[in-house]
Amino acid sequence: VPLNAEIRDRVRFMNFPPVARLTSETSAQTVAAGSFVSIQMPTQSIDTYTGWSSGSNTRYTCQRAGLYMVYGQVALLSTNAAGGYVAARILHTIAAGGTAEYYGAASLVPTTATTGTTVAAHGLIRMAAGDYVELQGRHNLAAAKAVKATSNGACRLIAVWVAR
């Protein structure tokens with residue numbers, strides 16, 4: 001019987017590897033200028049290994065060790081005059097030592113439109129069980145900016161297990 005359970009678990013893992021898609025839909029969060037802020041992700045549409053929790057909705061906690069492709073997209077509403085920058089990064093916190101690593105990118109705010117800015121960050125991140133990743137955003141625009149919370153263009157955090 002233990003061998004059957006082990007085979008069942010391995011087949012399940014091969015058919016349903018750890019995958020998560022979290023979004024900022026329904027979030028009322030704003031991001032103040034000047035420092036990185038973890039983006040709240042109150043909605044999860046996929047989470048095969050229950051790495052997301054509504055009590056800690058800024059993070060995805062690794063349940064199965066391995067190499068993950070992690071993609072994050074920060075989308076801020078901007079009604080001010082264009083200028084400045086918006087930045088995104090992925091914070092990887094190693095549970096065993098509490099060490100933080102960052103993966104990210106930055107983008108200039110468009111100079112011809114002020115409807116909003118979306119910038120992405122991504123990385124291949126090796127995680128152990130208990131490690132977690134968070135999407136963080138930052139800007140230097142004049143006032144606090146709302147996180148886009150609609151289904152078309154919301155902030156996203158996607159984690160996909162790639163290899164052992």
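**A tour from T43**

Start by selecting T43, which, leaving aside residues up to four places away in sequence, touches R21, L22, T23, E25, T26 and W52, where contact means heavy atoms within 4.5 Å. What you have open is a predicted model, in which local features need pLDDT of at least 70 and side-chain atom pairs count only at pLDDT 80 or more, while totals for chains, interfaces and linings use all residues. Residues are numbered from 1 along each chain as its sequence is written, and side-chain values use heavy atoms, with hydrogens and water left out.

**Around T43**

T43 lies in strand β4; helices (H or I, at least four residues) and strands (E, at least two) are DSSP runs, numbered from the N terminus. With a relative accessible area of 23%, T43 is partly exposed, on a scale where buried means under 20%, exposed over 50% and partly exposed in between, using a 1.4 Å probe and protein chains only. If you draw a distance from T43 to L22, one of the residues it touches, the C-alpha atoms are separated by 5.8 Å, although the two residues are 21 apart along the chain.

**Two loop threonines**

Move next to T26, which is also in the list of residues that T43 touches and which is placed in the loop between β1 (19-23) and β2 (30-31). Its phi is near 75°, a positive value in a residue other than glycine. Most residues other than glycine have a negative phi. T26 counts as exposed because its relative accessibility is 65%.

Then select T50, in the loop between β4 (43-47) and β5 (59-61), where phi is near 55° and is again positive in a residue other than glycine. T50 is exposed, with a relative accessible area of 59%.

**T30 in strand β2**

Which residues does T30 touch, not counting residues up to four places away in sequence? Colouring its contacts should bring up A144, K145 and A146. T30 is found in strand β2 and counts as partly exposed, at 47% relative accessibility. For a separation in the other direction, add M14 to the selection: T30 and M14 are 16 residues apart in sequence, yet 39 Å apart in space from C-alpha to C-alpha.

**H92 and the rings**

Is H92 buried or exposed? H92 counts as buried, because its relative accessibility is 1%, and its place is in strand β7 (residues 85-94). Leaving aside neighbours within four places in sequence, H92 is in contact with T99, A100, E101, Y103, I125, R126, M127, D131, Y132 and V133. Of these partners, Y132 is worth displaying with H92: they are 40 residues apart in sequence and 5.8 Å apart in space, C-alpha to C-alpha.

Keep Y132 on screen and add R59, which lies over the face of Y132 at 3.7 Å from the ring centre; a charge sits over a ring if NZ of Lys or CZ of Arg is within 6 Å of the ring centre and within 35 degrees of the ring normal. A further such arrangement appears on selecting R89 and F36, where R89 lies over the face of F36 at 3.8 Å from the ring centre.

**L124 in strand β9**

Y103, which is in contact with H92, leads on to L124, a residue of strand β9 (residues 117-127). Apart from residues up to four places away in sequence, L124 touches L67, Y68, M69, Y103 and V162. The C-alpha atoms of L124 and Y103 are 8.9 Å apart in space, with their positions 21 residues apart in sequence. L124 counts as exposed, because its relative accessibility is 55%.

**Zooming out**

Finally, show the whole chain, which has 1 helix and 12 strands, running from the N terminus as α followed by the β elements. Along its principal axes the C-alpha trace spans about 65 × 30 × 25 Å. Of the 164 residues, 38% count as buried. Among contacts between residues at least 6 apart in sequence, 74% join residues at least 24 apart.
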